[in-house]
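Here are some exercises to work through with the model open beside you. Try each task before reading its solution.

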Amino acid sequence: MKPIKHPLTLFLIGATGDLAKKKILKALYTLHQEGLLPEIFNLVGNSRKVMTHHEFEQFVYSVVQPKDESEWKKFAKSLYYLPGDVDHRQTFEQIRSLHESFATCGNHLWYVATLPSLYIQTVRHIQAARMGKAPCGWTKIMLEKPFGTDVASAHELDEALTSVFKEDQIFRIDHFLAKETVQNLLVFRFANGIFEHLWHRNFIDNIQVTASENLGIDGREIFYDQTGTIRDVIQNHVLQMLAVTLMDEPKSLQAQDVRQKRHEVLANLRPFELDQIDRDVKFGQYIAGKVNGNIVRGFLEENHIEPHSQTETAAALRCFVDSDRWRNVPIYIRAGKRLESTVTEISIQFKEPPNAMFSELDRVQRGNVLTLRIQPNEGVVVRLKVKKPGLHLQLNEVPMQFGYRNEFQMGLVEAYVKLIYDAVQGDPTLFPRSDGIESSWHFVQPLLDYKMRAKFRPEAYKAGSWGPSSFTQLIKQDKRQWIQPSVEM
Ligand SMILES: NC(=O)c1ccc[n+]([C@@H]2O[C@H](COP(=O)([O-])OP(=O)(O)OC[C@H]3O[C@@H](n4cnc5c(N)ncnc54)[C@H](OP(=O)(O)O)[C@@H]3O)[C@@H](O)[C@H]2O)c1
């Protein structure tokens with residue numbers, strides 16, 4: 001990573017929010033510590049909370065908890081804060097005046113990390129306050145997912161964005177694409193001939209994605225009740241990871257080639273017919289149960305949740321990608337909250353060998369499985385059949401694994417560090433393209449419509465389990481079973 005050269009002002013909308021605290025401010029401080037921020041750098045924070053510049057500085061200090069005071073002092077000089085509601089144009093006029101008071105001229109990056117319902121208004125006010133163009137440099141905008149809540153609102157947001165910014169100025173974030181393990185997928189697949197040749201319906205029986213959390217919805221109750229699992233993780237993170245897993249080889253590593261191939265997977269997702277949804281999609285909602293040995297309450301007992309809420313806190317589905325490579329290979333997805341463990345992984349289950357020599361001795365009764373562990377314990381596991389030592393011939397399945405942390409004695413680059421750096425440097429490879437996002441919304445829209453039916457009820461599952469029994473049935477009807485998350489690495 002080369003240092004960013006030109007003067008930069010970053011306008012952070014939502015500077016006091018959960019994401020700013022957990023990720024964005026820390027990522028900016030990491031860029032500073034690594035010497036990657038330009039010599040002239042300003043960060044202008046905004047939210048409605050009233051604070052002075054100095055109070056904002058203290059707030060950022062408490063978030064990043066710097067170890068080296070002299071490094072911190074250099075960073076602290078770049079911090080400014082302007083309170084105001086993004087619903088008011090005046091807020092942006094004030095941001096402009098503040099910026100004009102800096103004796104610097106350079107590039108502008110808007111980082112919109114506020115409530116998604118405020119995005120359109122924010123963009124309109126950036127334009128109205130003549131902040132859509134920097135007088136002596138470029139202007140770009142980064143936005144956090146979700147991009148809309150359905151096909152229509154995603155379209156509306158896109159129209160608002162593209163009426164102010166050109167496509168190459170817009171960086172829509174899905175931070176899963178920047179995770180080391182997801183970036184590794186490209187290398188793993190296309191640099192290793194042993195796998196790439198087999199990455200095809202002729203050799204692969206099915207694909208499974210698990211994106212589960214044992215956490216509940218603490219602090220995000222209202223947001224979650226309006227969102228649910230399909231919108232929260234399946235429409236975005238899960239489908240973007242699938243796109244990288246299933247894409248054809250791009251012509252080059254250039255952003256336009258990689259993004260095009262990812263897009264083709266999303267565009268080829270087989271649409272759900274309404275009358276198939278009962279069979280192919282299952283919705284769950286957690287009731288009280290045990291997580292890590294502690295009793296936890298059910299979704300409907302959580303604070304701020306509507307007493308009759310029909311929001312799904314977990315979902316499982318079977319889908320297909322209608323491309324030459326993947327036609328009729330089932331893809332099983334399960335995701336949600338308060339499931340048994342917190343894990344994100346993609347498993348590729350290969351077909352069994354054509355001979356039946358060992359079938360009676362094989363207790364696992366399935367082909368080899370290659371698991372790409374996205375988080376935690378990032379790495380790769382291949383499950384192989386071997387002879388169990390002993391006088392009799394018996395087969396056992398054993399893991400052969402590679403763990404990032406064991407193999408490379410260095411920390412993984414945090415996704416947000418990479419994303420901010422790439423956006424500034426103008427590299428959109430790891431950002432979803434608008435047409436891919438639109439295809440993902442088209443794919444999930446029938447599920448959102450289905451949830452609106454009067455008879456719709458998610459099925460209850462105990463917190464800390466792998467979802468309702470229908471999740472098991474979904475895959476069992478195809479004579480398959482869920483691959484349990486791989487051993488600790
Ligand atoms: N949190 C996560 O883990 C996470 C992960 C991925 C994506 N995201 C996305 O990131 C975005 C922010 O999420 P979050 O969890 O950080 O939300 P949050 O904790 O509710 O923070 C929202 C921020 O926006 C500010 N804000 C709210 N209304 C405002 C208004 N009218 N004018 C100006 N500022 C306003 C809030 O401060 P005031 O209330 O003081 O105004 C706060 O700084 C969302 O799009 C979310 O979907 C979040």
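How many salt bridges does the structure hold? The structure holds 26 salt bridges, a salt bridge being a side-chain nitrogen of Lys or Arg within 4 Å of a carboxyl oxygen of Asp or Glu. Before going on, note that this is a predicted model, in which local features need pLDDT of at least 70, side-chain atom pairs count only at pLDDT 80 or more, and totals for chains, interfaces and linings use all residues. Residues are numbered from 1 along each chain as its sequence is written, and side-chain values use heavy atoms, with hydrogens and water left out.

**Exercise 1. Find the partner of Asp232 and place both residues in the chain.**

Step 1: Asp232 forms a salt bridge with Lys145, at 3.2 Å from N to O.

Step 2: Asp232 belongs to helix α9 (residues 221-246), while Lys145 sits in the loop between β5 (139-144) and α6 (151-164), so the pair links distant parts of the chain, 87 residues apart. Helices (H or I, at least four residues) and strands (E, at least two) are DSSP runs, numbered from the N terminus.

Step 3: Asp232 has a relative accessibility of 8% and therefore counts as buried; the term means under 20% relative accessible area, with exposed over 50% and partly exposed in between (1.4 Å probe, protein chains only). Lys145 counts as buried too, at 18%.

Step 4: Now look at the peptide bond between Lys145 and Pro146: this bond is cis, with omega about 5°. Pro146 lies in the loop between β5 and α6.

**Exercise 2. Which parts of the chain does the salt bridge of Arg373 and Glu345 tie together?**

Step 1: The side chains of Arg373 and Glu345 meet at 2.8 Å, N to O.

Step 2: Arg373 is in strand β14 (residues 369-375) and Glu345 in strand β13 (residues 343-350), so the bridge ties together parts 28 residues apart in sequence.

Step 3: Both Arg373 and Glu345 are buried.

**Exercise 3. Describe the backbone in the loop between β14 and β15.**

Step 1: Pro376 is in this loop, where β15 spans 379-387. The peptide bond leading from Gln375 to Pro376 is cis, with omega near -15°.

Step 2: Asn377 is in the loop between β14 and β15 as well. Asn377 is not a glycine, yet has a positive phi of about 50°.

Step 3: With a relative accessible area of 23%, Asn377 is partly exposed.

**Exercise 4. Which residues come nearest to the ligand?**

Step 1: Among the 24 residues around the ligand, Thr16, Asp18, Leu19, Arg48 and Tyr119 come nearest; a residue belongs here if one of its heavy atoms lies within 4 Å.

Step 2: The shell divides into 9 nonpolar, 7 polar and 8 charged residues. Here Ala, Val, Leu, Ile, Met, Phe, Trp, Tyr, Cys and Pro count as nonpolar, Asp, Glu, Lys and Arg as charged, and the others, Gly among them, as polar.

Step 3: Helix α1 (residues 18-33) gives the most to the shell, with 3 residues.

Step 4: A polar side-chain atom of Thr16 lies 2.7 Å from an oxygen atom of the ligand, and a polar backbone atom of Lys49 lies 3.1 Å from a ligand oxygen.

Step 5: The protein covers 83% of the 880 Å² of accessible area that the ligand has on its own, by the Shrake-Rupley method with a 1.4 Å probe.

Technical notes
Polar contact = N/O pair within 3.5 Å; in protein donor to acceptor, adjacent residues only side chain to side chain.
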